[in-house]
Amino acid sequence: MNRRLFLKSSFAVPAAVGVFAGCASETEPDPEVSETAATRSLERIGVQLYTVRNLLESDYEGTIQAVADAGYDEVETVWDSERNPDDIRALLDKVGLVAPSTHVPIEALETNLTGVIDAAQRLGHSYIVCPWLEEDQRTMAHYRNHVVLFNEVGAACKEAGIQFAYHNHEFEFEPTEDGVIPYDFMLDAMDPDLVKMELDLYWIAYANRSASEYFQRDPGRYPLCHIKDMGPDRGMVPVGEGQIDFAAILAESETAGLKHYIVEHDHPEDALASIQTGITHLRSLTF
């Protein structure tokens, strides 16, 4: 099941958007990064549950336990219409996990924002992230509408004590029919206080753009990132088995405003092995 179908299949009812830990302000030291005089390393690492979606379908509680057993501290959830949010919160509490972010499809933001925010307030969320735009939603006319919607969603979220954010793929870096780079347009047109960005490190590399370039362009705008790796054929591989220099990117965490580091693989051959490889690699990094 791809991300689009996964999101669509679980967006009908505002049941569980995820659970959150609070986030530090952009001017505070990053609590997820430990620092010595010489080096820094990641203290808290998360995983996007989309990576283990097939396992969740067959054994939800066992899969969440396996994520905790792999050594993760946080999870990023995906909109779920079948499970009670209180039950999810209780399960995460039981295994010692928190969920500092969640992915909610644009359709739910358009049609049921009140329900989304209500669920988020009940669960103590800090971030709601829009993760995807359909192909027919990627014209400049649509992007102009999207930024209006996202500013409105961001304002409503802020009023509720929640931060709204947007997650990229590669297509936001492809020029539209008007020659505009949608990602740049969105950064300029969306209020930076109302709409933060969750930068996907694989997809920006796939688009042949630089994460550092965007950190410098809009410092403090990127509280979350997806850590995904790229093989020699540009395909996705488990984190640590590819070519992306994560240490160099993470060294710019303070400039970027990064607080949450989220491992993901869209189509892993072995989901649990993939997330174990990823956290082992990230725990070994210093920068």
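This is a short dialogue on reading features in the predicted model shown above.

Trainee: Let's start with confidence. What is the mean pLDDT of the protein, and which elements have the lowest and the highest mean values?

Mentor: The mean pLDDT of the protein is 89, and 87% of its residues reach 70 or more. Among the elements, helix 1 (residues 3-9) has the lowest mean, 48, while strand 8 (residues 195-200) has the highest, 99. Over residues 4-27 the pLDDT is below 50, and this stretch has 91 contacts in the model beyond near neighbours in sequence.

Trainee: Now helix packing. How are two packed helices described?

Mentor: Two packed helices are described by the angle between their axes and the distance between the axes. Here, take helix 7 and helix 8: their axes come within 10 Å and cross at roughly 35°. The crossing of helix 7 past helix 8 is right-handed.

Trainee: Which residues meet there?

Mentor: From helix 7 come Met140, Tyr143, Arg144, Val147, Phe150 and Asn151, and from helix 8 come Pro182, Phe185, Met186 and Ala189. By type, the residues of this contact divide into eight nonpolar, one polar and one charged.

Trainee: And which residues of helix 8 are buried, and what do they pack against?

Mentor: The buried residues of helix 8 (residues 182-189) are Pro182, Tyr183, Asp184, Met186 and Leu187. They pack against helix 7 (140-159), strand 7 (163-167), strand 8 and helix 10 (211-217).

Trainee: Could we look at one residue of helix 7, tyrosine 143? Is tyrosine 143 buried or exposed?

Mentor: Tyrosine 143 has a relative accessible area of 1%, so it counts as buried. Leaving aside neighbours within four places in sequence, tyrosine 143 is in contact with Leu133, Arg138, Phe171, Glu172, Thr176, Pro182, Phe185 and Met186. One of these, glutamate 172, is 29 residues away along the chain, yet the C-alpha atoms of the two are separated by 9.8 Å.

Trainee: Next, backbone angles. What sign does phi have in most residues other than glycine?

Mentor: Most residues other than glycine have a negative phi. In this model, asparagine 208 has a positive phi, near 60°. Asparagine 208 sits in the loop between helix 9 (201-206) and helix 10, and is exposed at 63% relative accessible area. Arginine 234 also has a positive phi, about 75°. Arginine 234 belongs to the loop between strand 10 (229-230) and strand 11 (236-237), and is partly exposed at 31%.

Trainee: Last topic: how many salt bridges does a search of the whole structure find?

Mentor: The search finds 12. Glutamate 213 pairs with arginine 209, with the closest N and O atoms 3.1 Å apart. Glutamate 213 is partly exposed at 37%, and arginine 209 is partly exposed at 23%.

Trainee: Which residues form salt bridges with lysine 228?

Mentor: Glutamate 264 meets lysine 228 at 3.2 Å, N to O. Glutamate 264 lies in the loop between strand 12 (260-263) and helix 13 (271-284), and lysine 228 in the loop between strand 9 (224-227) and strand 10, so the pair ties together parts 36 residues apart in sequence. Aspartate 266 also meets lysine 228, at 3.1 Å, N to O. Because aspartate 266 is in the loop between strand 12 and helix 13, that pair links parts 38 residues apart in sequence.

Trainee: Are these three residues buried or exposed?

Mentor: Lysine 228 is buried at 0% relative accessible area, glutamate 264 is buried at 1%, and aspartate 266 is buried at 8%. Elsewhere, salt bridges that share partners join Asp188, Arg217, Asp218 and Arg221 into one network.

How values were computed:
Residues numbered from 1 in each chain as written. Predicted model: local features only at pLDDT ≥ 70, side-chain atom pairs only at ≥ 80, totals over all residues. Heavy atoms only, no water. pLDDT = per-residue confidence, 0-100. Helix = DSSP H or I, 4+ residues; strand = E, 2+ residues; numbered from the N terminus. Contact = heavy atoms within 4.5 Å. Buried < 20%, exposed > 50% of the residue type's maximum accessible area, 1.4 Å probe, protein only. Axes fitted to C-alpha atoms, helices over the stretch in contact; angles between N-to-C directions. Left-handed = near helix turned anticlockwise from the far one by under 90°. Nonpolar A, V, L, I, M, F, W, Y, C, P; charged D, E, K, R; others polar. Salt bridge = Lys/Arg side-chain N within 4 Å of Asp/Glu carboxyl O.
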